[in-house]
Amino acid sequence: MDIRVTLSEALRAKPQDESKLGFGSIFTDHMFLMDYEAGEGWKDARIVPYGDFHLDPAAMVLHYGQAIFEGTKCYRRADGGLQLFRPEANFARMTRSAERLGMPALDEKTALEGLKKLLEIEKDWVPHQDGTSLYIRPTMIALDAQLGVHAAHHYLFYIILSPVGSYYKEGLKPVSIYVEDEYVRAVRGGVGFTKCAGNYAASILAGEVAAKKGYSQVLWLDGVEQKYVEEVGSMNMMFAYGNKIVTPALNGSILPGITRDSIITVARAMGYEVVEERLAIADIFADAKSGKLTEAFGTGTAAVISPVGTLAWKDEILTVGDGNIGPVAQRLYDTLTGIQYGRIADDHGWVTKLS
Ligand code: COI
């Protein structure tokens, strides 16, 4: 598909101090858009100046929540060149999310071409400082102005870009997590495995309550018995027992994280034993108290690898480790980011060099 380009005449100022970037509040000068019409498919791929959309107040996304998104990043290597990490996996996951929400499969080829062309235009927005990147947010929404509940016929796919630093203010310092035992995020047969906006909406109240108690994030338990560890909304969870890493098995209500998958692969290649299984939160607490559990950390595109220093569940507050990132999480962080930033050879075919 041809991609039409209209360049902005008023470029924004780029952030001066990259150490203050934070996450997701600054956007670049342009965005990629493509429309879908039932019977015709995806069409009118275009790059235009970043700006507001026209949305009918009856647009189905606003009422029935057909909204899915992805998160991936563009990294700057030390030689100044740019590279992507597994963007095809994000677009493939978007198609899986779309299928579950009754939305059309993404034209993954045009989405990837559009992303590359957008990055060619926005290359100077990719930050330089260690640990920073250009976050990529592909999104698909239903447009029809229609209040009947059924699949829409018109959709918009778009990609916006945001220069980012750490997702958590703690950076690589351990975060504190509240184990949620009242609300649930997802149940088997639902949409927990998709990256749909509703999963995040369902998490916001618990996140606010946890934040008031001083915790950074909520750890979700399974939606039926509230006994088994699921995920932390913004990241999948991993637990280290010395050289063994245990992570909840994908069960239909957990997001199949691309960072999760990459860490499992990298960890196995480094000689760690990695086990995917159902993990009872009571066992995690017992193992941490007995000293068998040595580290806990989350994995995600935005979060990268984020060590967990405190876990609170019911009346118990558990300290994992000594307030610093543990050796397993540190080695995995160094290896994953080494591949992403081009410091370490990519033996897995994950990296797409753009320049
Ligand atoms: C990502 O890691 O890319 C996500 O989409 C998680 C989001 C909560 C920032």
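User: By class, how many nonpolar, polar and charged residues does the shell around the ligand have?

Analyst: This is a predicted model, in which local features need pLDDT of at least 70, side-chain atom pairs count only at pLDDT 80 or more, and totals for chains, interfaces and linings use all residues. Residues are numbered from 1 along each chain as its sequence is written, and side-chain values use heavy atoms, with hydrogens and water left out. Ala, Val, Leu, Ile, Met, Phe, Trp, Tyr, Cys and Pro count as nonpolar, Asp, Glu, Lys and Arg as charged, and the others, Gly among them, as polar. The residues around the ligand, with a heavy atom within 4 Å of it, include Phe-23, Gly-71 and Arg-137, and by class the shell has six nonpolar, three polar and two charged residues.

User: Which residue has a polar backbone atom 2.8 Å from an oxygen atom of the ligand?

Analyst: Polar contacts here are pairs of N or O atoms within 3.5 Å. The side chain of Tyr-135 has an N or O atom 2.5 Å from a ligand oxygen, and a polar side-chain atom of Lys-195 lies 2.8 Å from one. The backbone contact at 2.8 Å belongs to Ala-302.

User: Is Gln-66 buried or exposed?

Analyst: Gln-66 lies in the loop between α1 (60–64) and β4 (67–69), where helices (H or I, at least four residues) and strands (E, at least two) are DSSP runs numbered from the N terminus. Buried means under 20% relative accessible area, exposed over 50%, and partly exposed in between (1.4 Å probe, protein chains only). Because its relative accessibility is 8%, Gln-66 counts as buried.

How values were computed:
A polar contact is a pair of N or O atoms within 3.5 Å; within protein, one must be able to donate a hydrogen and the other to accept it, and residues adjacent in sequence count only if both atoms are side-chain atoms.
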